[in-house]
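Work through the exercises below with the sequence and the model open. Each task is followed by a solution in steps.

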Amino acid sequence: CRADGTERHSPVAKPSRLTQNSFRQDGFPRGQTLVAFLSAQVLIMCKLAKLHTMSPPSPDTSQLPPALQQAYRDALYRVDAAQGSVAQTLRVGERNDWLGRQLGRQPIQAACYLTACNAWGQILEPAENARRMRALRQALDSEGWQYLDGCGQDPLGHWPAEDSVLIWGMDADTARQWGLHWQQNAVLWSDADARPRLLWLR
């Protein structure tokens, strides 16, 4: 009570701005103009768009150990040519005349050399590699891809041979998608110049 006998009343605290309705009826923050609000939203959208449009890792570079990268470059990518023809060997960076002639007959002058063996470079049991290759060939057949059988080999014999296929008409983007699906570190790919190169996936 106060000295005059009347009861003291504590002042009623005004609600803070955080607990008041911070938005106008039109949905925009109080004290903020429409132009300022929209400008802020555009800035946020631009930042999000930048995140979504960042370039994927380049197929020309790899994070694999240098020795493993070199093993891919040195490998012999053998192809069982059509019946009656001599088997061919593709090498990274070397033009292959046979490959050039074959590509010249294709509607899409591109080819991908792919295996499903040894996912992510981890050596698997032969039975598992055989199962994966059967599944790969079934997938190619179901989508109508034309291909030849082959076998990737390490010239030094440090890595086991890998059952493989040379797929006709597969562009680089599609080759990378198939390689990733079958858990490969890289795929060998060539366009009309018939000079195979590695597309790195890791």
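**Exercise 1.** How many salt bridges does the structure hold?

Solution. The model is predicted: local features need pLDDT of at least 70, side-chain atom pairs count only at pLDDT 80 or more, and totals for chains, interfaces and linings use all residues. Residues are numbered from 1 along each chain as its sequence is written, and side-chain values use heavy atoms, with hydrogens and water left out.

Step 1. A salt bridge is a side-chain nitrogen of Lys or Arg within 4 Å of a carboxyl oxygen of Asp or Glu.

Step 2. By that criterion the structure holds 4 salt bridges.

**Exercise 2.** Which residue forms a salt bridge with Asp 163? Place the pair in the chain.

Step 1. The partner is Arg 137, with the closest N and O atoms 2.9 Å apart.

Step 2. Asp 163 lies in strand β5 and Arg 137 in helix α4, 26 residues apart; helices (H or I, at least four residues) and strands (E, at least two) are DSSP runs, numbered from the N terminus.

Step 3. Arg 137 counts as buried at 18% relative accessibility, whereas Asp 163 is partly exposed at 29%. Buried means under 20% relative accessible area, exposed over 50%, partly exposed in between (1.4 Å probe, protein chains only).

Step 4. Through shared partners, salt bridges join Arg 137, Asp 149 and Asp 163 into one network.

**Exercise 3.** What separates Arg 131 and Glu 128 in helix α4?

Step 1. Their side chains meet in a salt bridge (2.7 Å, N to O).

Step 2. Arg 131 and Glu 128 are 3 residues apart in helix α4 (residues 126-142), so about one helical turn separates them.
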